[in-house]
Amino acid sequence: MKEVTITTAYITLGQFLKIADCIGTGGQAKFFLQENEILINGEPDNRRGRKLYPGDTVVVEGCGSFKVV
C-alpha cells in the first residue's frame, strides 16, 4: 500500500487521483471516475469532491492501493 502525504486537513478525491499519479491532469478526474471503480475505506465512491482525510484508505482499480497520511 502506497502512502500519499497531504499537508492540509483534507484533500478531494479528484486532487488525490492526480497526486497518486492515477491521472495526468485534474480535468481527467470526471471521466476516470466514471470508468473505474474506487473504494474508499471499503465503500464504493465516485464523487470527485469527496473529502479524504489522513487515515483513509483508497483502492483505485488499475492503479493500486493507497493510504492518506
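Is Asp45 buried or exposed, and at what relative accessibility? Asp45 counts as buried because its relative accessibility is 11%, below the 20% cut-off for that class. The views that follow come from a predicted model.

**View 1. Asp45, Arg47 and Arg50 are linked in a network of salt bridges.** The structure holds two salt bridges. One joins Asp45 to Arg47, with 2.8 Å between the closest N and O atoms. In the other, the side chain of Asp45 meets that of Arg50, at 2.6 Å from N to O. Asp45 is buried, at 11% relative accessibility. Arg50 is partly exposed, because its relative accessible area is 22% and that class lies between 20% and 50%.

**View 2. The largest nonpolar core has 20 residues.** Phe16, Leu17, Ile38 and Val60 touch the most other members. Several elements each supply at least two residues of this core. Among them are two helices, helix 1 (13-19) and helix 2 (29-35). Strand 3 (38-40), strand 6 (57-60) and strand 7 (64-68) do so as well.

**View 3. Leu17 and its contacts beyond the neighbours within four places in sequence.** Which residues does Leu17 contact once those neighbours are left aside? They are Cys22, Ile23, Phe32, Leu33, Ile38 and Val60. Ile38 and Val60 also appear with Leu17 among the core residues that touch the most other members.

**View 4. Strand 6 has a covered face and an uncovered one.** Val58 and Val60 make up the covered face. Thr57 and Val59 make up the uncovered face. Val60 is also a member of the largest nonpolar core.

**View 5. Strand 6 pairs with strand 3 and with strand 7.** Strand 3 and strand 6 are antiparallel, and three bridges join them. Here Leu39 stands opposite Val59 in strand 6. Strand 6 and strand 7 also run antiparallel, joined by four bridges. On this side Val59 stands opposite Ser65 in strand 7. Val59 thus has Leu39 opposite in one pairing and Ser65 opposite in the other.

**View 6. Strand 6 and strand 7 form a hairpin.** How many residues lie between the two strands? Three residues lie between them. Gly62 is in the turn. Its phi is positive, at about 80 degrees.

Note on methods
Residues numbered from 1 in each chain as written. Predicted model: local features only at pLDDT ≥ 70, side-chain atom pairs only at ≥ 80, totals over all residues. Heavy atoms only, no water. Salt bridge = Lys/Arg side-chain N within 4 Å of Asp/Glu carboxyl O. Buried < 20%, exposed > 50% of the residue type's maximum accessible area, 1.4 Å probe, protein only. Core = buried A, V, L, I, M, F, W, Y, C linked by side-chain atoms within 4.5 Å. Contact = heavy atoms within 4.5 Å. Pairing = 2+ DSSP bridges.
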